[in-house]
Amino acid sequence: MESKTGIWQVIAIVSLIIAVIALIMPFVIPGQEGPEGPQGVQGDDGQDGNDGDTGPQGATGAQGATGAQGPQGLQGPVGPAGPGTLMAYINTGVDVLLSSLPCNNLLSITIDVPSAGTIVITANARLLIEHTFGTEDRWGLTVAEDAGTCSFQSGDWMDEIPDQYPTEVQTQTSGHVQRAYVVGAGSHTYYLNGWMYAGMSVGDMVMSSHVVAVFYPS
Ligand SMILES: [Ca+2]
C-alpha cells in the first residue's frame, strides 16, 4: 500500500511540475509575431523651425545711365579785393560844341571793381572860347554819375572871360576836374560834362578831353 501511495505522489508531483511548466512556457518562449495592425491617425503638424542664416551678398549690378544735367547753381560771392589798385582811362579828340544848359556830355568812363573802396576820377578838357567884347563868357566842367548833370560841386572847374576883354574868336584854354566816390563792389560809370552858362556862341567848343579812373580798395 505504501508503494502505491508513493507512486501516486510522484505522479501528482510530476503532473504539478508539467502544469507549472505549461503555464510559464508562453512567457519563456514567445510565439510567432502576429499580423501588422492598421495605420494610426496622422498626428498634428509640428511648430515651424527657426529662420536660416542670411545668405552671402550678391554681385554688384551694372552702372546706370547718366542722369539729366542739374539746374545752374547760385552765383558765388564776390571774391576778395585784389592786391593793388585798378585803373581805366579814355580820351577823345572830337570837337563838341558847348551849348548852355542843360548839359553837354563830353566823355564817359566805366570801371569794374571787385570790392568796396574809393574811385578817384581825374578829367581834363581843352577848349576854344569865342569871345566878343562887351559879352562875358562863362563855362564849367564837371564830373557826375549821369550825362545830364551840370551843376557846380566841389572839384569842378569854372572859368570866364570878362566882357571888357577884347574880341578873340578862338581863345584857347583848359579845365581840370577831380572827384572821389566811395563805392561798393560792381560796375561804376562816370561822365565828364561841360556847359556855357554865359556868352554862348557857335565858336564855343571842346576840342579834346580825357578821363582817368583809379580804384583804391578799402
Ligand atoms: Ca562865346
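**Close-up views of a predicted model**

The structure, a predicted model, holds three salt bridges. The legends below treat the charged pairs, the calcium site, the nonpolar core and a helical residue in turn.

**View 1. Arg138 forms salt bridges with Glu136 and Glu160.** The side chains of Arg138 and Glu136 meet with N and O atoms 3.1 Å apart. In the pair formed by Arg138 and Glu160, the closest N and O atoms are separated by 2.9 Å. Arg138 belongs to strand 5 and Glu160 to strand 6 (residues 157–161), so this pair ties together parts that lie 22 residues apart in sequence. Arg138 has a relative accessible area of 30% and is therefore partly exposed. Glu136, at 26%, is likewise partly exposed, and Glu160 counts as partly exposed at 37% relative accessibility.

**View 2. A salt bridge joins the side chains of Arg179 and Asp156.** The N to O distance in this pair is 2.8 Å. Arg179 is part of strand 7 (residues 168–183), whereas Asp156 sits in the loop between strand 5 and strand 6, so the contact ties together parts that are 23 residues apart in sequence. Arg179 and Asp156 are both buried. Elsewhere in the model, Glu136, Arg138 and Glu160 are joined into one network by salt bridges that share partners.

**View 3. The calcium ion is held among protein donors at 2.3 to 2.7 Å.** The donors are Glu130 (O), Asp137 (OD), Gly199 (O), Ser201 (OG) and Asp204, the last of which is listed with OD twice. The six donor atoms subtend angles of 50 to 162 degrees around the calcium ion, which makes the arrangement irregular. Along the chain, the donors follow the spacing E-x6-D-x61-G-x1-S-x2-D. Two of these donors link distant parts of the chain: Asp137 lies in strand 5 (residues 137–144), and Gly199 lies in the loop between strand 8 (186–198) and strand 9 (205–217), 62 residues apart. Asp137 counts as buried, because its relative accessibility is 1%.

**View 4. The largest nonpolar core comprises 27 residues.** Those with the most contacts inside this core are Ile119, Ile121, Leu127, Val143, Tyr190 and Leu192. At least two core residues come from each of strand 3 (104–113), strand 4 (117–131), strand 5, strand 7, strand 8 and strand 9. Strand 4 supplies the largest share, six residues.

**View 5. Tyr190 is in contact with residues beyond its neighbours in sequence.** With neighbours within four places in sequence left aside, the contacts of Tyr190 include Leu107, Ser108 and Ile109. Ile119, Ile121, Val143, Ala144 and Glu145 are also among them, as are Tyr181 and Val183. Tyr190 is itself one of the residues with the most contacts inside the largest nonpolar core, and Ile119, Ile121 and Val143 are named with it there.

**View 6. Ile11 is placed in helix 1 (residues 2–28).** Ile11 counts as partly exposed, because its relative accessibility is 39%. The C-alpha atoms of Ile11 and Gly155 are separated by 169 Å, and the two residues are 144 residues apart along the chain.

Conventions: Residues are numbered from 1 along each chain as its sequence is written. This is a predicted model: local features need pLDDT of at least 70, side-chain atom pairs count only at pLDDT 80 or more; totals for chains, interfaces and linings use all residues. Side-chain values use heavy atoms; hydrogens and water are left out. Donors are N, O and S atoms within 2.8 Å of the metal (3.2 Å for Na, K and Ca); water is not among the atoms, so sites may look incomplete. Four donors count as tetrahedral if all angles lie between 85 and 135 degrees; four count as square planar and six as octahedral if opposite donors are over 155 degrees apart and all others between 65 and 115; anything else is irregular. Helices (H or I, at least four residues) and strands (E, at least two) are DSSP runs, numbered from the N terminus. Buried means under 20% relative accessible area, exposed over 50%, partly exposed in between (1.4 Å probe, protein chains only). A salt bridge is a side-chain nitrogen of Lys or Arg within 4 Å of a carboxyl oxygen of Asp or Glu. A nonpolar core is a set of buried Ala, Val, Leu, Ile, Met, Phe, Trp, Tyr and Cys residues joined through side-chain atoms within 4.5 Å. Contact means heavy atoms within 4.5 Å.
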